[in-house]
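Take a look at the structure below. Then follow the text from one part of the chain to the next.

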Amino acid sequence: MSVDGASFRRALGQFATGVTVVTTRDAAGQPLGLTVSAFCSVSLAPPLVLVCIDHRSEANRGLRESGVFAVSVLGEGQEEVSRRFAEPGASKLEGFGFESGRFGLPLVPGALAHVECRVRSFHEEGDHAVWVGEVRGATARPGRPLLHHAGGYRRLEAGENAGKPGGDRL
């Protein structure tokens with residue numbers, strides 16, 4: 001028996017995720033990007049990550065053309081950045097001030113972490129493409145992440161031991 005889309009979405013919505021913006025460039029060097037919550041590490045040796053991108057997104061074309069992508073892990077004050085990059089079309093990129101990464105990739109300024117990758121493989125699965133990237137550069141700074149849970153943005157609540165394991169709560 002197959003599960004219906006609404007039930008599937010409701011069930012997976014209970015899984016709290018971090019929020020990222022995945023960026024790349026097309027063949028003409030123009031930046032492309034979108035908000036992605038389907039991001040995770042795959043391997044430490046070699047360092048690999050994966051992102052899942054809807055087939056309808058122009059970013060898939062950019063990843064195919066350039067063979068590289070970056071992931072910017074958003075902090076709790078970057079909800080508007082997430083909303084902007086969740087919109088379809090190229091207008092979301094107009095006037096956005098990207099930083100340039102070590103490998104020339106567009107990065108979201110002020111993000112908690114940046115991971116720059118070379119495409120290692122990709123797989124067509126359902127209505128998304130699964131991209132595996134070999135990490136070529138990574139930076140991080142302290143801060144609390146922007147989270148997504150049950151269809152909305154969430155923040156960690158600072159506990160008295162904020163920043164220590166178990167010191168922050170949803």
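**A walk through the model**

Ala150 is partly exposed, with a relative accessible area of 40%. This is a predicted model, and Ala150 is a good place to begin. Find Ala150 in the loop between strand 11 and strand 12. Its backbone has a positive phi of about 50 degrees, although Ala150 is not a glycine.

Now look at the strands on either side of that loop. Strands 11 and 12 belong to an open sheet of three strands, in the order 1-11-12. The pairing in this sheet is antiparallel. Which strands stand at the edges? They are strand 1 (17-18) and strand 12 (152-154). Each has a single partner strand, so one side of each has no neighbour in the sheet. Strand 1 is joined to strand 11 (residues 147-149) by two bridges. Take Thr17 as an example: its bridge partner in strand 11 is His148.

Go back towards the start of the chain. Val3 sits in the segment before helix 1 (5-12). Is Val3 buried or exposed? Val3 is exposed, because its relative accessible area is 54% and the cut-off for exposed is over 50%. Val3 also has company at the surface. Together, Val3, Phe8 and Leu12 make a nonpolar surface patch of about 300 Å².

Helix 3 (residues 79-86) shows how a helix can have two faces. Val81, Ser82 and Phe85 are buried there. They cover an arc of only 100 degrees around the axis, so they lie on the same side of helix 3. The general rule helps here. An α-helix has 3.6 residues a turn, so residues three or four places apart point the same way. What covers the buried residues of helix 3? The cover includes strand 2 (20-25), strand 3 (31-36) and strand 12. Strand 12 has thus come up twice: it is also an edge strand of the open sheet. Turn to the face of helix 3 away from the buried side, and you meet the exposed residues Glu80 and Ala86.

Helix 3 also holds a salt bridge. Arg83 pairs with Glu79, and their closest N and O atoms are 2.8 Å apart. Both residues lie in helix 3, four residues apart, which is about one turn of the helix. Arg83 counts as partly exposed, at 40% relative accessibility.

Why do such pairs form? Side chains of opposite charge can pair when their charged atoms come close. How many salt bridges does the model have? The count comes to eight.

Another of them joins Arg61 and Asp26, with the closest N and O atoms 3.9 Å apart. Arg61 lies in helix 2 (residues 58-66), while Asp26 lies in the loop between strand 2 and strand 3, so the pair ties together parts that are 35 residues apart in sequence. The two partners differ in cover. Arg61 is partly exposed, with a relative accessible area of 34%. Asp26 counts as buried, at 15% relative accessibility. The cut-off for buried is under 20%. Nor does this pair stand alone: Asp26, Arg61 and Glu65 are linked in a network of salt bridges.

A further salt bridge joins the side chains of Glu134 and Arg120, at 3.8 Å from N to O. Glu134 is in strand 10 (residues 128-140) and Arg120 is in strand 9 (residues 113-125), so this pair ties together parts that are 14 residues apart in sequence. Here both partners are partly exposed: Glu134 has 23% relative accessibility, and Arg120 has a relative accessible area of 46%.

Stay with Glu134 a little longer. Which residues does Glu134 touch, not counting those up to four places away in sequence? They are Pro47, Leu48, Glu116, Cys117, Arg118 and Arg120. Val119 can be compared by its backbone position. Glu134 and Val119 are 15 residues apart in sequence, and their C-alpha atoms are 6.3 Å apart in space.

One last stop is Pro46. Pro46 is placed in the loop between strand 4 (39-43) and strand 5 (48-54). A cis peptide bond joins Ala45 and Pro46, with omega at about 0 degrees.

Terms used. Residues numbered from 1 in each chain as written. Predicted model: local features only at pLDDT ≥ 70, side-chain atom pairs only at ≥ 80, totals over all residues. Heavy atoms only, no water. Patch = residues over 30% accessible without salt bridge, like charges linked within 9 Å, V, L, I, M, F, W, Y side chains within 5 Å. Areas by Shrake-Rupley, 256 points an atom, 1.4 Å probe, with all protein chains shown as cover. Salt bridge = Lys/Arg side-chain N within 4 Å of Asp/Glu carboxyl O. Buried < 20%, exposed > 50% of the residue type's maximum accessible area, 1.4 Å probe, protein only. Pairing = 2+ DSSP bridges. Arc of directions from axis to C-beta. Contact = heavy atoms within 4.5 Å.
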